[in-house]
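Work through these exercises with the model open. Try each task before reading its solution.

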Amino acid sequence: MARLIRTPRTALPFFACCASKTLVNAVQRHPNPPLRKAISSSLFHSRHYASEALSQSPMEANIIRIIRNEVEYQSEYAPPQQPATKFESFTVQDRPGEQWITMRRRFGDTEDIKIEVTMFDGYETAPKTGDDSSGEDVRLHLSMLVDITKGDDSKDLEFLCSAWPDRLEVQKVYVLKRDRMPAKPYMGPDFRSLNGRIQQRFSEYLEARGVNDELSVFLHQYMMNKDRIELIKWLGKVKSFVEK
């Protein structure tokens with residue numbers, strides 16, 4: 001009886017091997033090349049996933065399957081675009097794997113402008129408007145540092161700004177010395193506490209240099225795309241770690 005029970009155990013791998021070879025040979029002889037290629041790819045992935053499942057615990061296999069499905073969903077539902085490299089007179093430098101980008105431009109003969117922008121770092125809620133006015137809208141926030149330098153001058157004018165989906169707000173204005181700074185320098189008042197005319201003139205100063213509401217709109221679109229790119233990359237890294 002034991003001999004009869006052992007016989008199927010040795011016969012099963014042989015049968016599976018023969019069946020697999022027969023199927024592969026049949027696919028290779030299929031008269032439709034595109035269909036032949038699709039079936040071959042399906043067989044390859046099936047064998048690949050089967051080998052993965054054998055080498056991983058059920059929990060790890062489940063994590064990998066969920067991540068794989070999420071990557072496919074993110075890539076198909078809202079596929080990220082190639083990041084823009086220019087906006088009007090600014091060049092845009094993405095920093096893959098980091099939470100910020102850098103923008104630069106030249107203004108006039110003497111000024112260099114550098115903008116550093118974070119990814120989404122906050123939000124505010126506001127009542128909904130229009131026909132469906134129930135509930136609240138969530139408005140995401142970006143932080144910006146705008147540095148303006150003039151030739152060989154050792155001082156920079158720096159603006160700390162908030163970029164909302166439809167507008168730009170100045171929070172602080174700093175005068176910085178590149179060579180040295182006091183241990184506890186006076187950094188200036190809160191911008192919103194300044195005289196309204198001073199606020200208006202600074203806003204016009206930035207507007208002339210392309211730092212305006214249109215830039216804020218662009219940055220929100222850019223960061224929405226970057227957020228998808230970074231999410232897909234992060235999911236891939238987690239998946240690779242679990243697969244090891």
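**Exercise 1. A loop residue**

Does Glu 88 count as buried, partly exposed or exposed, and what is its relative accessibility?

Solution. Start with the cut-offs: buried means under 20% relative accessible area, exposed over 50%, and partly exposed in between (1.4 Å probe, protein chains only). Glu 88 has 54% relative accessibility, so it counts as exposed. Next, place the residue. Glu 88 sits in the loop between β1 (86–87) and β2. Strands are DSSP runs of E of at least two residues, helices are runs of H or I of at least four, and both are numbered from the N terminus. Finally, check the backbone. Glu 88 is not a glycine, yet its phi is positive, about 50°.

**Exercise 2. How far to trust the model**

Find the regions where pLDDT stays under 50.

Solution. This is a predicted model: local features need pLDDT of at least 70, side-chain atom pairs count only at pLDDT 80 or more, and totals for chains, interfaces and linings use all residues. Residues are numbered from 1 along each chain as its sequence is written, and side-chain values use heavy atoms, with hydrogens and water left out.

- pLDDT is the predictor's confidence in each residue, from 0 to 100.
- The protein has a mean pLDDT of 79, and 74% of its residues reach 70 or more.
- Residues 1–24 stay under 50, with 1 contact (heavy atoms within 4.5 Å) beyond four places in sequence.
- Residues 42–46 also stay under 50, with 2 contacts beyond four places in sequence.
- By element, helix α1 (residues 2–28) has the lowest mean pLDDT, 41, and strand β2 (residues 90–93) the highest, 97.

Where pLDDT is low, the predicted coordinates should not be read in detail.

**Exercise 3. The overall layout**

Describe the order of helices and strands, then the burial.

Solution. Count first: the protein has 5 helices and 8 strands. From the N terminus, the order is α-α-α-β-β-β-β-β-β-β-β-α-α. Of the 244 residues, 25% count as buried. Now look at contacts with a separation of 6 or more: residues 24 or more positions apart account for 49% of them.

**Exercise 4. Two neighbours in sequence**

Compare the settings of Thr 118 and Met 119.

Solution. Take Thr 118 first. Thr 118 belongs to strand β4 (residues 111–118). Its relative accessibility is 27%, so Thr 118 counts as partly exposed. Beyond four places in sequence, Thr 118 contacts Gln 99, Trp 100, Leu 142, Ser 143 and Met 223. The C-alpha atoms of Thr 118 and Met 144 are 6.7 Å apart, across 26 residues of chain.

Now Met 119. Met 119 falls in the loop between β4 and β5 (122–127). Met 119 counts as buried because its relative accessible area is 10%. Its contacts beyond four places in sequence include Glu 98, His 141, Lys 226, Asp 227 and Glu 230. The C-alpha atoms of Met 119 and Trp 100, 19 residues apart along the chain, are separated by 5.6 Å.

**Exercise 5. The pocket lining**

Which element gives the most residues to the lining of the largest pocket?

Solution. The largest pocket has 13 lining residues; Leu 168, Glu 169, Val 170, Ser 203 and Asp 213 lie nearest its centre. Two elements give two or more residues to this lining: β8 (168–177) and α4 (196–208). α4 gives the most, with 5 residues.

Conventions. 1 Å grid on protein atoms, 1.4 Å probe; cavity = no way out; pocket = protein on both sides within 12 Å on 5 of 7 lines; lining within 4 Å.
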